[in-house]
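Colleague: Can you walk me through this one? I have the sequence and the coordinates open.

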Amino acid sequence: MIILGIESSCDETAAAVVRDGTQILSSIIATQMDTHCKYGGVVPELASRMHAEAIVPVVDEALEKAGITLQDIDGVAATRGPGLIGALLVGFSFAKAFAWARKLPLAGVNHLEAHIYSLLLLDTPPRFPFIALVVSGGHTNIYHVTSPQTFELMGQTRDDAAGEAFDKVSKMLGLGYPGGPIIESLAKQKDPDTIKFPRSLLEKESFDFSFSGLKSSVARYIHDHKIESQEDKAQIAASFQAAVIDVLSWKLITAARHKGCKRIGISGGVSANQTFTFQLSKRAKKEGIRVFAPPVDLCGDNAAMIAARGFTMIQESHTCNLNHDVFSRTRI
Ligand code: KG4
Ligand code: ZN
């Protein structure tokens, strides 16, 4: 079964063709990064307009790269939420029209479930059950995943998402957007233990996160120490990143222990951070836990993960019709 996947929840217009939920025939991502970085973050109105311009050429390219025609498609999957409403509407309305015109089933995919599915696209995916982290610019959620459709939310951020903290610290240091990759490469030059930024673990029994205290602490440090040189910025980047990695790793391993799981999967933009994957894997190994992460091109927003999730929904006849709408806030 060939599924056309479409993603437009934030600042990437993406389309992918996936066979039987696992074999990626094409995955095209048109990023709007260059436009939004001038404003230091995503401008929703601009995002919607750019999705509207990009959607048809991106889908065309995905079909061409996959070497298929419209007749070969058996189903359509598009992100329904969470995300920016105007942005979601472009991809989901396109998918509705496409599915209706060709009389195909349409899956309205939850973007967070799809990030977890990026792990199921690995050659050797984690077996169920596993602990999954979705960590991006908008979310820091921990799930206990017990089957292809059972995602128990164990904890989430109470304020900023981890990716958002990377972006804000980058901005404070006068570096660019998105902050994650910039902070990661700068951090490589310095010892992460020099500045002791706080690790907010909240209550012992909670799997929730809080990153706003860390962010304020970095802001105070910058204010008190008149940070100007690239060297000083690298020191802050390394120490800040270490604090985020510590908290994420500690909570994930504690969650795995709590559920008796031997597998942890990380997904979302921040999971592209190689220092994070390395540190987490090292600590997990001591507990006999294996860590799974998607390849870099499937960490951030993409449509292959949407098609993969949509495939299982269509198989279970969990489909949408023309009356279904997009949603901005999470439903899992
Ligand atoms: O999943 P994503 O592409 O978009 C959504 O937010 O849904 O994630 C983007 C976020 C940004 O906050 C960006 O700074 C962060 O992921 N990010 C990283 C890295 N690459 C991207 N954070 C830390 N290290 C990275 N290498
Ligand atoms: Zn995402």
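Modeller: What follows covers one helix and the cores. The model is predicted, so local features need pLDDT of at least 70 and side-chain atom pairs pLDDT 80 or more, while totals for chains, interfaces and linings use all residues. Residues are numbered from 1 along each chain as its sequence is written, and side-chain values use heavy atoms, without hydrogens and water.

Colleague: How many residues does α7 have?

Modeller: Helix α7 has 14 residues, 212-225. Helices here are DSSP runs of H or I with at least four residues, and strands are runs of E with at least two, numbered from the N terminus.

Colleague: Which residues of α7 are buried?

Modeller: Leu214, Lys215, Ser217, Val218 and Ile222. Buried means under 20% relative accessible area and exposed over 50%, with partly exposed in between (1.4 Å probe, protein chains only). They sit on the same side of α7, because they cover an arc of only 160° around the axis, taken from the directions from the helix axis to the C-beta atoms.

Colleague: And what is on the face turned away?

Modeller: Arg220, His223 and Asp224, which are exposed.

Colleague: What does the buried side pack against?

Modeller: The buried residues of α7 pack against α5 (162-172) and α8 (230-259).

Colleague: Switching to the core: which element gives the most to the largest one?

Modeller: α8, with 14 residues. That core has 46 residues; a nonpolar core is a set of buried Ala, Val, Leu, Ile, Met, Phe, Trp, Tyr and Cys residues joined through side-chain atoms within 4.5 Å.

Colleague: What does phenylalanine 240 touch?

Modeller: Its contacts (heavy atoms within 4.5 Å) include Leu214 and Val218, not counting residues up to four places away in sequence.

Terms used:
Chains are lettered from A and ligands numbered from 1 in the order in which they are written. The expected span of a helix is 1.5 Å times one less than its number of residues.
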